Amino acid sequence: MEKIIEVKNVTYEYTDEEMKIAVLRNFSLDIEKGSFTVILGHNGSGKSTLAKLLNGLFKPTSGDVLVDGINTKDEETEIEVKRRVGMVFQNPDNQLIASVVEEDVAFGPENLGLSSEVIRKRVDDALKTVDMYEYRKSSPHHLSGGQKQRVAIAGIIAMEPECIVLDEPTAMLDPKGRAEIIKTVTQLNKEKGITVVLITHYMEEAENADRVIVMNDGEIIADSLPKKVFSQVEKLKNVGLDVPQTTELLYMLQKNGFNIDTDVISIKETAEKIKSCLEE
Amino acid sequence: MLKDITFGQYYEGNSPVHKTDPRAKIVLLIAMIVFVFLANNIFSVVFAALSVFTLMYISGVPLRMYAKNLKAILPIIIFTAFINVFYGDKNTGIVFEVWKLTVTWGGIYRAFFMATRIILLIFISSALTYTTTPNDLTDAIERLLSPLKYVGLKSAVHILAMMMTITLRFIPTLIEETEKIMNAQKARGADLENGNLKQRVKALIPILIPLLISAIRRSYELAEAMECRCYNGGEGRQRMKQLHFSFRDYIACGVVFAVGAVIILLNILL
Amino acid sequence: MALLQVKNLTHSYGGSSPFVHDAVSNISLDIEKGEIIGIIGHTGSGKSTLVQHLNGLLKPTEGQILLEDKDIWENPKEIRKVRSKVGLVFQYPEYQLFEETVYADIAFGPKNMGLSGNELDKRVRDICRIIGVKDEYLNKSPFDLSGGEKRRVAIAGVMAMYPQIIIFDEPTAGLDPAGRETVIKIINDYRRETGATVIVVSHSMEDMAMLADKLLVLNDGKLEMFDSTEKVFSNGDRLRKIGLNVPIVTRVFAQLRNLGVDVPEDVFTVEKAVEVLKKKAGEKNA
């Protein structure tokens, strides 16, 4: 598979009161084109720092991050990197710039210096993709959290990126908003072929991923298919991760002597597993 | 309460005034103000007033909306008129004298002119803000200032426009946030309604500090988000929305300058 | 006599307001001393409007709020006293911290009640002991604490007024599991120490099943249900109709019944589920 992002032996340090603190140390990771990767980790596991390294918002203290072969350290090509790897943040309020939805979505393409016809088309397409077209003339502060976050995603896809990194996009949303965002993101990956890196601490959001990476203290402690990662509940709980109630149930059954795996998340599969376990 | 503050004064509508290009509107309404101030005899002032009333009528915005804006500034008008009454030429005839103050016919005439002009000025600027969204206004100002880029002020024009855009975007957010913080502190027993001036100013600290911290955090996050969207200080930036001068705008220009011409003619001839 | 009575409460926001607010209409309910009540409803269903009436931040358009049988708006000048009796912890309460030290911030509430000197000091230190604010933090700036600790201090700031009723709006929002456990523990500790009534607004049905004795369900500003947690969660269809749901484990059990496994309907927590399934497996082996 072709790689869109390569993180090579990256160390990232920041200085706090003259103390050097390393968030990541000698960290390596490849993201494949077209893949859907979920990065799980609790607050302070280094996952947000990693996200900001992926599009050059942070520069590695040592080591390199390559996007489509372009080094993010290269100042000449900074815009190229940011266009290829779009980024969506946690707080939807703090990433919308204009007071009309369509003008906000246009902000990225406008910065790229495209012609006004091309911008118009991209904005309309992006808003349709996230199902916010009918709100194009609205003001962001009249929208719900989930809707605002979808506008933020539209603002990124209007730049036609190859990869989109979402840093805890659902953390401030209600269940309805969370579901909207996960649906939108899954669609972007499956239908538009955009590479997705979703950073979260909700394990159930990893259900549709191709690959799940678990981070703790700046290190990868698990990197595999969702099912394989979910089967290690103990490990996930130990690093302070949120485990959905289905997994929790299977795990508790396992601890109570049931011969059962914890590698599923959906309600349907969980019920089926319990049924077959009872029938054994 | 804060939530009663309506930001911007846009009054939704579909009138010819609404539809006029915002750049043309700004320039023409400034021209109107100049003409109103040029009017120096009773005929030209009456004509100017009639023109402004026609504009207000065409705008489709209810008269009470205009009256509301006028009410806010009425004390200033009365005060200005009152002062003017005493500053007339005594040769125009003395109406009455009290102590050292002399009210003259000339003074009254001046006061009348002054008041009329200010009132018309308010009506004209209200017509602009009622019929143009804050966004369109910002856009128009940016574009009207764009010639400044030829004298080396390109980034200044861009920065000003960007600041206006972000301000418009964040004012409702910050008002909402202020309300939330006020409620949170009230829930902790803060007294925001009573007390003397000093106590009231002190009572603002628990609101202003969290608000300031939050605004700083927001601006930091916004800066990162803008960077992620390839913002580069306006270098090579294109706009999606292009403004086009239409036939309607040329007609508007013609009408306004005709009004100006009539006012000047009335000044000279009568 | 109920501790807090809501009688025919209606609140409508003026149409001119530029902000979207959720109104409530004709709500009546009684809240007893020592209960833990959960409020559920989708965004915009009127939850925040309702709770802001309980401590007098909003004034009813119609109807009354009675605290210990007395209308809280009987004397509008005294409304601040109500706010110290009915504490309200807003969502993300750490954003309201403002003082130079943790101690001063926690003391803000009791000071507004008119306390000073030893009495004030005792209150602050007592609440810190009860909910575990470390002594060494007291002279630190609240802004130097971690996210979870900031929230603990912010909650202490409301608890230091020792309200008889304490309301939490999404108290665990934005926290990781460790942070969530801490907040739940704080709530339980306060309740054990003071016997206070606790009202929690939350989106998590799973948390509600563990925490609440009774559930208050709001839909479009109207009281949809107000009953024991078990009774409310037995009405899955009714909840789904208004965009809510039962806890995930309850849904797993419903699915099991669909698959022909004979399991009871009234399973709302993982503990109960494990117990039921263990019994079932035991029966089979026997």
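This is a guided tour of a predicted model, with a selection to make at each stop.

**Stop 1: the sheet in chain A**

Start by showing chain A as a cartoon and colouring its strands β6, β7, β8, β3, β9 and β10 in that order. Together they form an open sheet of 6 strands with mixed pairing. Select 85–88 and 219–224 of chain A next: these are β6 and β10, and they stand at the edges of the sheet. Each has a single partner strand, so one side of each is left without a neighbour in the sheet. If you look at how the strands are set against each other, neighbours in this sheet are turned by 15 degrees on average, ignoring direction.

Now walk inwards from the β6 edge. Select 163–167 of chain A, which is β7; β6(A) and β7(A) pair in the parallel sense over 4 bridges. To see one such bridge, pick A:V88 and find its partner in β7(A), A:L166.

**Stop 2: strand β8 of chain A**

Select 195–200 of chain A. How many of the residues of this strand are buried? For β8(A) the count is 6 of 6. Colour its two faces separately: A:T195, A:V197 and A:I199 lie on one side, A:V196, A:L198 and A:T200 lie on the other, and all are buried.

Then bring back the strands that pair with β8(A). β7(A) is joined to β8(A) by 5 bridges, and the two run parallel. A:D167 is the residue to pick here, as it stands opposite A:I199. Strand β3, residues 36–40 of chain A, also pairs with β8(A) in the parallel sense, over 5 bridges. In this pairing A:F36 stands opposite A:V196.

**Stop 3: helix α4 of chain A**

Select 116–129 of chain A. This helix, α4, has 14 residues, and its first and last C-alpha atoms are 20 Å apart, close to the 20 Å expected at 1.5 Å a residue. Show side chains for its buried residues: A:S116, A:I119, A:R122, A:V123, A:D124, A:A126 and A:L127. They pack against α3 (101–111) and α5 (145–157) of chain A, so add those two helices to the view. Just after α4(A), click on A:D131, where phi is positive at about 60 degrees.

**Stop 4: the nonpolar cores**

In soluble globular proteins, nonpolar side chains tend to be buried together. Here the largest nonpolar core has 51 residues. Select A:V105, A:I153, A:I164, A:L166 and A:V214, the members with the most contacts inside this core. The largest share of the core, 6 residues, comes from α5(A).

Keep A:V105 selected and show what surrounds it. Setting aside neighbours within four places in sequence, its contacts include A:V123, A:A126 and A:L127, and these three are also among the buried residues of α4(A). A:V151, A:A154, A:G155 and A:A158 are in contact with A:V105 as well, and so is B:R229 from chain B.

A second, separate core has 41 residues; among them are B:L28, B:A39, B:A111 and B:I124.

**Stop 5: helix α10 of chain B**

Select 247–269 of chain B. The end C-alpha atoms of this 23-residue helix are 33 Å apart, which agrees with the 33 Å it should span at 1.5 Å a residue. Its buried residues are B:D249, B:A252, B:V256, B:V259, B:G260, B:I263, B:L266 and B:N267. To see what covers them, add α2 (22–38) and α3 (42–59) of chain B, which are included in that cover.

**Stop 6: two positive phi values**

Go to A:D217, in the loop between β9 (211–216) and β10 of chain A. Phi is positive here, at about 45 degrees, although A:D217 is not a glycine. Is A:D217 buried or exposed? A:D217 counts as exposed, at 61% relative accessibility.

Then select C:Y92, in the loop between β6 (86–89) and α3 (102–112) of chain C. Its phi is near 45 degrees, again a positive value in a residue other than glycine. C:Y92 is buried, with a relative accessible area of 16%.

**Stop 7: the cysteines**

Finish with the cysteine sulfurs. The count of disulfides over all chains is 0. Select B:C230 and B:C228: the sulfur of B:C228 is the closest cysteine sulfur to that of B:C230, but at 8.6 Å it is too far for a bond. B:C230 counts as buried, at 1% relative accessibility. C:C128 counts as buried too, at 2%.

How values were computed. Residues numbered from 1 in each chain as written. Chains lettered and ligands numbered in written order. Predicted model: local features only at pLDDT ≥ 70, side-chain atom pairs only at ≥ 80, totals over all residues. Heavy atoms only, no water. Pairing = 2+ DSSP bridges. Axes fitted to C-alpha atoms, helices over the stretch in contact; angles between N-to-C directions. Expected span 1.5 Å × (residues − 1). Buried < 20%, exposed > 50% of the residue type's maximum accessible area, 1.4 Å probe, protein only. Contact = heavy atoms within 4.5 Å. Disulfide = S-S within 2.5 Å. Core = buried A, V, L, I, M, F, W, Y, C linked by side-chain atoms within 4.5 Å.
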